[in-house]
Amino acid sequence: MDSFITIRFKRKTAKRFQEFSKKHFKTHTEAMENILDFFLYNEISPKEKLGPTGRTIEAKLLKRINAVIAIMRDVEKTQTKPTVAMLQSLFVMDEPKKKPLILEKKYAEENKEVRFREIESARFTTKGRAKR
């Protein structure tokens with residue numbers, strides 16, 4: 001069995017340590033070993049501050065998140081929506097206007113039946129001859 005040694009602490013400090021030790025560890029020795037190991041392994045001094053608390057970090061993160069959201073909304077408004085509109089206008093085609101069909105009037109009047117024959121104007125010259 002290990003031997004014990006007496007260390008003198010102020011009563012207030014000793015009470016704080018005992019409460020901490022009972023809450024987190026089985027024995028006071030185990031608590032003190034873990035505290036010392038923590039500072040040794042993490043290479044920090046108990047006198048130095050570790051930085052901002054969780055609340056201040058959370059507030060800073062929320063500010064940055066709000067800034068990112070604002071940037072994304074601006075990008076969406078100025079870049080994404082106009083680009084989508086332009087692409088849609090390229091791919092959405094209106095129905096072409098129907099070309100008037102040439103009707104053979106005589107035949108249609110006699111039989112009351114209409115025969116349609118499409119003529120593409122681009123394939124014919126002004127004299128009526130087909131381009132080759």
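This is a quick talk about confidence, aromatic rings and a surface patch in one protein.

So, hi everyone. What we have here is a predicted model, where local features need pLDDT of at least 70 and side-chain atom pairs count only at pLDDT 80 or more, while totals for chains, interfaces and linings use all residues. Residues are numbered from 1 along each chain as its sequence is written, and side-chain values use heavy atoms, with hydrogens and water left out.

Let's start with pLDDT, the predictor's confidence in each residue, from 0 to 100. The protein's mean is 78, with 71% of residues at 70 or more. Confidence peaks in helix 1, at 94, and is lowest in strand 2 (residues 116-117), at a mean of 54. Helices (H or I, at least four residues) and strands (E, at least two) are DSSP runs, numbered from the N terminus.

Now the rings. How many aromatic pairs are there? There are 2. Rings of Phe, Tyr and Trp (its six-membered ring) pair if their centres lie within 6.5 Å; planes under 30 degrees apart are stacked, over 60 edge-to-face, the rest tilted. F20 and F25 make a tilted pair, 6.2 Å centre to centre with 55° between the planes. F38 and F39 sit with centres 5.3 Å apart and planes at 80°, so that pair is edge-to-face.

Are these rings buried or exposed? Buried means under 20% relative accessible area, exposed over 50%, partly exposed in between (1.4 Å probe, protein chains only). F20 is partly exposed at 35%, and so are F38 at 41% and F39 at 25%.
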